[in-house]
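Could you walk me through this protein–DNA model before I sit down with it at the bench? A friendly briefing, grouped by topic, would be ideal.

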Amino acid sequence: MPTITLPAPADFVLHRDVCSYGYFLLAPNHWDPATRTFSRILDLDAGPVRVAITQPGGKGSALRIATSRPLAAVEKHAARAQVSRMLRLDEDRDHARRFHSLDPRFKKLGRFRLFRSPTLFEDIIKTVTSCNVTWTSTILMNRRLCECFGRGGAFPTARRLARTAPALLRGRCSVGYRDQRIVELARLFATSRSTLAARLEDPSIPDADIRETLLELPGIGPYAAANIMQLLGRYSHLPLDTESVRHGKTVLGYSGSPRQIMKRVHEHFAPMGDQAFRSYWFELWEFYEKKHGPSWTWQRDSTGKMFTAAQLSK
DNA sequence: GGTAGACCTGGACGC
DNA sequence: GCGTCCAGGTCTACC
């Protein structure tokens with residue numbers, strides 16, 4: 001099998017940094033706990049390719065990317081770029097230092113990277129499919145999106161979804177009333193990619209302006225906007241949802257209405273400033289891992305389907 | 001600015 | 001196997 005290599009930052013640990021956010025459990029992503037291999041289909045210009053990523057040399061060593069077919073030089077470049085985005089290889093020691101100086105609890109484990117998708121569009125659609133549904137439905141929607149509309153099992157591109165009838169999307173992928181919103185989002189990214197995506201990924205634009213832009217998009221409310229912001233590497237806002245309320249009650253000991261608890265959770269993490277989300281998230285993640293063991297041991301079809309609090313309470 | 005109700009689906013539950 | 005209820009953010013209408 002053809003392979004390419006990708007240098008990793010000195011503190012990078014594949015199993016820890018892949019299994020750091022729920023999206024590693026969503027199609028087309030696949031994590032094999034037994035071999036500690038991350039695999040998925042990437043959609044490259046010349047066609048889809050399956051990649052299987054390992055880190056044979058352990059912490060800080062280069063990543064080995066096995067590909068299902070030989071790649072031309074330009075494709076290797078594109079594959080490396082997509083993998084780098086997914087694994088946040090651009091976040092280096094300075095990011096870790098900044099976060100761990102504010103919240104030293106996670107320094108020993110070295111946690112600060114959060115897994116994301118190879119493209120911003122996939123991150124946004126994954127966020128939309130996680131709104132107002134249980135986690136098992138999110139899993140199902142993403143699987144069907146890849147099966148029905150992705151080239152060779154890849155996540156569908158904006159261009160593909162932009163020319164999909166909403167009713168077809170609903171019928172095949174069980175996305176419900178999100179059908180129209182997903183198609184509208186796809187059209188925005190397919191037709192104005194150069195402006196919208198570039199704006200959202202422009203680090204020189206202040207958080208408040210990015211948030212405002214996100215809130216104008218169909219299907220994106222306060223929760224989704226904050227989540228997309230962390231996926232963009234902006235950690236100042238908290239995506240507060242029912243999980244946050246559960247966390248506020250059970251871990252932080254708050255009581256009151258969901259609204260009151262959310263407000264207190266927000267205030268609790270406010271001192272972390274631009275690192276608030278990382279502090280919040282890894283505290284939440286630690287809670288899940290106490291219940292189910294390290295996230296890199298979770299089986300996609302068992303633990304991976306029921307790690308959230310709603311399932312835990314049953 | 002705050003709030004009630006509709007939007008869909010899968011899963012749990014009772015019969 | 002069927003019907004009912006519930007969980008889950010966003011959006012719109014209304015106060």
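Here is a short tour of the two DNA strands, the aromatic rings, one serine and some backbone details.

This is a predicted model, in which local features need pLDDT of at least 70 and side-chain atom pairs count only at pLDDT 80 or more, while totals for chains, interfaces and linings use all residues. Residues are numbered from 1 along each chain as its sequence is written, chains are lettered from A and ligands numbered from 1 in the order in which they are written, and side-chain values use heavy atoms, with hydrogens and water left out.

**DNA strand C**

- Around DNA strand C there are 16 residues, and the closest are Asn-132, Tyr-177, Gly-219, Ala-224 and Asp-241; a residue counts as near a strand if one of its heavy atoms lies within 4 Å of it.
- Sugar or phosphate accounts for 60% of the atoms of DNA strand C within 4 Å of the protein, and bases for the rest.
- Sorted by class, the surface near this strand has 10 nonpolar, 4 polar and 2 charged residues. Here Ala, Val, Leu, Ile, Met, Phe, Trp, Tyr, Cys and Pro count as nonpolar, Asp, Glu, Lys and Arg as charged, and the others, Gly among them, as polar.
- Helix H11 (residues 222-231) gives the most to that surface, with 3 residues. Helices (H or I, at least four residues) and strands (E, at least two) are DSSP runs, numbered from the N terminus.
- Two phosphate approaches are worth finding on screen: a polar backbone atom of Ile-220 is 3.3 Å from a phosphate oxygen of DNA strand C, and a polar side-chain atom of Asp-241 also lies 3.3 Å from a phosphate oxygen of that strand.
- Thr-242 has a side-chain N or O atom 3.2 Å from a sugar or linking oxygen of DNA strand C.

**DNA strand B**

- The residues around DNA strand B are Thr-136, Ser-137, Leu-140, Arg-144, Arg-170, Ser-174, Gly-176, Tyr-177 and Arg-259.
- Of the atoms of DNA strand B within 4 Å of the protein, 95% are from sugar or phosphate and the rest from bases.
- Helix H5 (residues 135-149) provides the largest share of the surface near this strand, 4 residues. By class, that surface has 2 nonpolar, 4 polar and 3 charged residues.
- Phosphate oxygens of DNA strand B lie 2.9 Å from a side-chain N or O atom of Arg-170 and 2.9 Å from a polar side-chain atom of Ser-174.
- Ser-137 has a side-chain N or O atom 3.5 Å from a sugar or linking oxygen of the strand.

**Aromatic rings**

- The structure holds 14 aromatic pairs. Rings of Phe, Tyr and Trp (its six-membered ring) pair if their centres lie within 6.5 Å, and planes under 30 degrees apart count as stacked, over 60 as edge-to-face and the rest as tilted.
- One pair joins Tyr-21 and Tyr-23, edge-to-face at 4.9 Å centre to centre with 65° between the planes.
- Both tyrosines are buried, Tyr-21 with a relative accessible area of 5% and Tyr-23 with 2%. Buried means under 20% relative accessible area, exposed over 50% and partly exposed in between (1.4 Å probe, protein chains only).
- A single aromatic cluster includes Tyr-21, Tyr-23, Phe-269, Phe-277 and Trp-298.
- Arg-178 lies over the face of Tyr-177, 4.5 Å from the ring centre, and Arg-246 over the face of Phe-287, at 4.0 Å. A charge sits over a ring if NZ of Lys or CZ of Arg is within 6 Å of the ring centre and within 35 degrees of the ring normal.

**Ser-279**

- Ser-279 is found in helix H14 (residues 276-292) and is buried, with a relative accessible area of 1%.
- Its side chain makes polar contacts with the side chains of Asp-103, at 2.6 Å, and Arg-105, at 3.4 Å. A polar contact is a pair of N or O atoms within 3.5 Å; within protein, one must be able to donate a hydrogen and the other to accept it, and residues adjacent in sequence count only if both atoms are side-chain atoms.
- Not counting residues up to four places away in sequence, Ser-279 touches Phe-99, Asp-103, Arg-105, Phe-106, Phe-269 and Met-272, where contact means heavy atoms within 4.5 Å.

**Backbone details**

- A cis peptide bond, with omega about 5°, joins Ala-27 and Pro-28.
- Arg-36 is not a glycine, yet has a positive phi of about 50°; Arg-36 is partly exposed, with a relative accessible area of 38%.
- Arg-88 also has a positive phi of about 50°, but this arginine is buried, with a relative accessible area of 0%.
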